[in-house]
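Me: I would be grateful for a close look at one part of this structure, namely a ligand site. Please describe the surroundings of the ligand in one connected account.

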Amino acid sequence: MILEVKELEVYYGAIRALQGISFQVNEGEIVTLIGANGAGKSTTMRTVSGLLQPRKGEVVFQGRRINRIPAHKIVRLGISHVPEGRQIFPNLTVTENLLMGAYTRRDRAGIKQSLEEVMDRFPRLRERAKQLAGTLSGGEQQMVAMGRGLMSKPKLLILDEPSMGLSPLLVEEIFNIIKTINLQGTTILLVEQNAFMALQVAHQAYVLETGRIVLSGPAREVQANPQIRSAYLGEVQMVS
Amino acid sequence: MEQIINGLQLGFMYALIALGYTMVYGVVQLINFAHGDVFMVGAFVGYFGFAVWGLPLPLAIVNAMVICAILGMVIEKIAYRPLRYAPKIAALISALGVSLFLEYFSSLKFVFGPDYRVVPRPIHEVHWHILGIPITNIQVMVIVVVLVMLLLLQLLIYRTRIGMAMRTVAVDHNAARLMGVNVDNTISLTFAIGSAFAALGGVLYAIAYPQIQPFMGIMPGLKAFTAAVLGGIGIIPGAVIGALIMGQVETLTAAFISSQLRDAIAFAILILVLLIRPTGILGRSQTEKV
Amino acid sequence: MPVLEVKNLSKNFGGLKAVNNFQLTMEEGEIVGLIGPNGAGKTTVFNLITGIYFPSAGTINFLGEQINGLPPFRICQKGIARTFQNIRLFKENTVLDNVRTVFHPRIKYGLLDALFRTPRFNAEEERVNREAMEFLAALNLADRSAHKASGLPYGDQRRLEIARSLACRPKLLILDEPAAGMNPNEVSRMVDLVRMIKEKFQLTILLIEHQMGMVMNLCERLVVMDFGQIIASGTPDEIRNNQMVLEAYLGKGATVA
Amino acid sequence: GQKAGQQGASGEKVIKIGFVAPLTGDVKTFGESAKKGFNLALEQAGNKAGDYTIQPVIVDDRNDATEAVNVATKLINENKVSAIVGSLTSLTTIPISELANSNKVVEISGTATSPKVTVENGKRKDYIFRACFIDPTQGTVGAKFALNKLHAKTAAILYDQGNDYTIGLAKNFEDAFTKGGGKVLFKGTYAKTDVDFSAVLTNIAQMKPDILYLPDYYQKVSLIGKQARDKGIKATFMGGDGWDSSDLDYKTMDGGYFTAHYSGQDPRPEVQKWVKDFKAKYNSEPDSFATLTYDATNLLLNAIKTANSSDPTKIKDALQATKGFSAVSGSDISFDQDGNPIKPVTILQVKDGKYKFISIMK
Amino acid sequence: MKISRQTIMLLILAAAFFALVKGLQFAGVLNAYWQLVLDQALVTVIGALGLSLIYGFTGQFSLGHAAFYGLGAYTAGAIDIVYGNGNIIFFFVSILAGAALAGLVALLIGLPILRLRSDYLGIATLGFGIIVKVGMDNANKLIPVLGGATGMSGTPQTAHFDLIFILVLIIILLVRNFVFSTYGRACTSIREDEIAADIMGIDTTRFKVLAFVLGCSLAGLAGGIYAHRYPFLHPASFDFLKSFDFLLIVVLGGLGSMTGTIVTAIGWGFLMEVLRAVLGENFIDWRGVIYALILIVAIILRPQGLFSGKELGLLLPRPLQTGQGKERSHAGTGS
Ligand SMILES: Nc1ncnc2c1ncn2[C@@H]1O[C@H](COP(=O)(O)OP(=O)(O)OP(=O)(O)O)[C@@H](O)[C@H]1O
Ligand SMILES: Nc1ncnc2c1ncn2[C@@H]1O[C@H](COP(=O)(O)OP(=O)(O)OP(=O)(O)O)[C@@H](O)[C@H]1O
Ligand SMILES: CC(C)C[C@H](N)C(=O)O
Ligand SMILES: [Mg+2]
Ligand SMILES: [Mg+2]
């Protein structure tokens, strides 16, 4: 078990966004959290990566309690969080954004190699290497954010809605990348609106509703759950 | 010709203050109104160093820079950090408060006192004629310091890890944290460097215009800030360009039109430049992507 | 007469041709989908139509009148309203005020009426309140009218954006990824919603969306862009089977939709 | 000041006197000096004038016109003073004089030199007096001295555009200098906050005037003087009473002349005693702010004694009738019809780190 | 015309305040000095409401407000000195002229510079303020009565509490009516998101200029009253530090809150004089220090300002009949 979250309660002011959430991520797995808008998925991710402090509960990473450690130190422990809404650095070039992802690393040669790998994975970014990231299109920005997350060679990669706003082709590609990274040994915690795709790549799944986990289990089982099918997978998928 | 030199001297003086101003703005987007007053404290500490305690000049300067760096960090911690996630204007008001505090506190008797102090020249002034242009060693010193500062800042911000960190903190604290950047330290360091530069500026200023008093920072601070805006605030070379323009405009107005109008014309030019380039001379256009 | 007629539209950013020789004609009552890979130039087309950017070349006619070169607020007043890819509400204002604000061009009292609260002011304000509440009710937001816009959940914010643009009383409504970040179930509700408002307010709709579930269901006609240019257009079925579109945009997963 | 002059608790008679000065803000130094003069005068008088015990009320105007009106209103209406000593600069003294005069409270300023302090639109404010000569007197005398004693032919003038004191001096110096056959080659200005004067000084250097007239306070002229010499200006510096401070940069200003109210080297016992007493109490040389405020306070105390009343109208009449009063800044003082003291102007020279007495001029 | 319950309550509150002041005057508690402080604070309320319109409601950062205050003061003062001489009619004529001139200048300067954004606009308006100050310093060269750097004295002292109070009340009502109308909504939408407002059909330039002109006119009006309450006008009273005073008031009161602006303007007006009274002669040097500390502490404790976007019920418009129960929405912010 690489990550364990226990009885997490998180507040925004007086609003209790998480009402006691527990889940586990095993090494080498892809674990997905799905749930409607505002269910608390991003809040959970932010708490794991140290951006938010829980009022109750704890976060344990590789056997070490990390929920009192500041975010910038958690990165060094090997957690990389690709936040929701492409929080890229608009005033930095694409390359600089990617290099920021390796901020905690010191191995120049290794960084260079990682940069090449990311550029290979997203050829569009190589084309735009010198463009300021702020002027990229939405989808291009999402690629920067993903690429940046990979640059730190994390043990646990947290992806918050990586497919948001991407073209179908890219969504597919993103999920392929997720699978590849996972196969190469990175554990992944994935939050997705696109529950359909997420459940296909994930090993384990947790379903969140208004700050609580209402269902969990192997992704296949969750996918097969009729309630989940109607609530999250929608009928639209079936139309054509 | 001589007037151009006069303008250059004034311009480089403004640049000395504007550089720190613009750097802090670039990272925290705060018009740090207290910058001019840290500059004043720097001038006083420098003065005490070489004129009262008898330190050699370089040591006096370093001493002033260190003390102001600490002062800058303390100010940030007490007055700005609690407001980091409040609306921008709140920190600006706090900065105004800090500025007034430094001015009035410094003029208390047991601090610096209200007196105007004459600053003895710690070095002999030497007049040179280079290619027929009269210039003094003090002017040369100021110019060299500004150019070195400019170079150092550029290197720091674009070539170092801490510079990268500063540039990311400038846009998004959380995203920077997720990259492993210690946001608090980065901002502290930014204030320390900015304040140390203000102190350096203060000491040189006191040598060039040898008189100091607790309210001396207001006008140079305002002018330097204006220069920074003129050049494009947050952009390091912009501060120097803006300052040089301000220096020229003021000097030429005083020399050939009327010194009564010098501030008026300087600010009129600022407004005109902004109308043509709304984010200053080197400022990037702010077209927001919708 | 076509509602919208875009001819030879181009926009360059420095050396980049974000939109290149774009054409589009829309008849009244149509729903047209604009799709294409990320960075293809779709949002830029919207920004050109709504006046945020000046075209580098080309013309845009709305109801037979040339509108390119007009400032955005005039274009809106002529009857084009839009939503934004990244939500842009008047955050600190109430939900109701977000909607009431856009009534402004059609309000029939003057500054003096407002300053002195004349009967005309009172009557007109009452009308505005009533109608604004109707828009909110249509989008299921009536019970949120007194909340701060920024306090709404994401989905509500998307719908408030739509309510606000409807209150502009547009002929042409432009939606930039209205279903972004929604799960399939929510997407299908958005489809119903768009259908409903189209009927209710007699709109012509131009839509950008990456959720194929939405586009294919809703649109009668699709235009596909890549690298600033139109690479295909036609009915959803034609597009689904277009080899170029499959390669550039849909990918193999297209079978899903 | 209607109910002024109440009986004190113990039955003795009390008169309240207000003192206004800039005790905070950027000219706080001036105010502090003046306050020393005021306090020393009261102390030496044993806090008494005639039968009256003096109750001072000291307030700060921060050298700000709005604040000046506030504190004057406070002194007059809340503290109910009979008379006010102050303020220092004309900027704040003019508004105070308006209020004092219309409320029939006596005001005497030690240092406010603008004619407008006592006369507005040709009308004398009856209750207002001062202990210093006005700008026209000083400027004119300075010009005469330059022409007649220094045999100067040309002059340049540099003054603060925002300070009526320097404006007044500059204007009157220019008028008198031109009338007397001299030529003013250049008249330039700067702002209070300026520190770099190189542009104008470069222009002046090329004109080679005999005199550079610098009618500002000691700090400013020290700074300008330094830069002027750096620019190679050889002219003789001249100025006004604003120079009179031990904080003047004697080295830079060496050889310069200025018009002053008195000379510290004047052997008159009043002067020597004053300098000695001041040194004994404050351990520093008195400057002109202290001296003139001291004189102003003494003039007022003298009038209260003469009138032996706390009624401002009677005090005012007694002040106006002052005859042969021996002050530090003049031995035989009386007031003209505008409330200005009639006394000679002293010319001093800055020489070898000291002020050298040169002459007395009418 | 129906007068809303809010308006009536507001008038009652105003009458109560008025009666209180009169009572204190009568009891001799409120002497001429504290009366002056109160009057000055009320004048500041008008000017601060002006900046509140510009910055608090429309989001246009102005650091040059005192320039318009000064323009109004000089205009009104000069007109009354030259033509009026203390006649009450000329009081009104001259203060309106002051407001009008300030508004006109605001229009001329606002049209070009309101295109600038946030800090750039701030610095441009600051620069404009400095230009006006230089103009005032030299105004006597064109119009001798203005006095230039030596100040202008002798303005008729026509203004007194009753008059000022009524003017303040009228201004509060007018500003409230403006804010809670389609004009106010247009202004706040610009504050929130200028691009979105533009695209939603709001002529942003027009409203930015409108708010700026109205706000600056209020500053001019306040200046005119000031000139009739203080016998001496000096350019130094209208420099950029004075502009900061207005800014402090509007921010500490809470952006987008009239209540906050009014309360803070009055409190701030008293602060310096209360400090004077408390510190006495011996600690007066500490006044500036304590003032600065209060400022820092206040903003740290309440970064959103005293009333951030909230209004006293009395300043709200009539509740809406939305069929959704009690509706208290208004142009400021939601509940
Ligand atoms: N900064 C904040 N301040 C106050 N409330 C917040 C904040 N961020 C989130 N919330 C609230 O916390 C709850 C959980 O939000 P969260 O962003 O974690 O949801 P989510 O599941 O990630 O939804 P989405 O699909 O929209 O990203 C929501 O009710 C939201 O309104
Ligand atoms: N203001 C700008 N300056 C420079 N380049 C820009 C600007 N706006 C857009 N671009 C570029 O134009 C291209 C088209 O962008 P646009 O936002 O229109 O894409 P899009 O089709 O909407 O993509 P997405 O589906 O990801 O939103 C992109 O490459 C983008 O980088
Ligand atoms: C010397 C100063 C304190 C005052 C000066 N005489 C004035 O009237 O302004
Ligand atoms: Mg989320
Ligand atoms: Mg787009």
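Reply: The following account concerns the surroundings of ligand 2 in this predicted model. Residues from chains A, B and C surround ligand 2, so the site is shared between chains. The shell holds 23 residues, and those that come nearest to the ligand are A:T135, C:N38, C:K42, C:T43 and C:T44.

Some of these residues can be followed to individual atoms. In A:T135, a backbone N or O atom lies 2.4 Å from an oxygen atom of ligand 2. For C:N38, the side chain is involved: one of its N or O atoms is 2.8 Å from an oxygen atom of the ligand. At C:G39, a backbone N or O atom lies 2.8 Å from an oxygen atom of ligand 2. On its own, ligand 2 has 630 Å² of accessible area, of which the protein covers 95%.

The shell can also be described by the secondary structure that contributes to it. At least two of its residues come from each of the following elements: helix 6 (138-150) of chain A, strand 2 (16-26) of chain C and helix 1 (42-49) of chain C.

Finally, the shell may be sorted by residue character. Its members comprise 12 polar, six nonpolar and five charged residues. To return to the opening point, the site draws on chains A, B and C, and A:T135 and C:N38 are among the residues that come nearest to ligand 2.

Key:
Residues numbered from 1 in each chain as written. Chains lettered and ligands numbered in written order. Predicted model: local features only at pLDDT ≥ 70, side-chain atom pairs only at ≥ 80, totals over all residues. Heavy atoms only, no water. Near = heavy atom within 4 Å. Polar contact = N/O pair within 3.5 Å; in protein donor to acceptor, adjacent residues only side chain to side chain. Areas by Shrake-Rupley, 256 points an atom, 1.4 Å probe, with all protein chains shown as cover. Helix = DSSP H or I, 4+ residues; strand = E, 2+ residues; numbered from the N terminus. Nonpolar A, V, L, I, M, F, W, Y, C, P; charged D, E, K, R; others polar.
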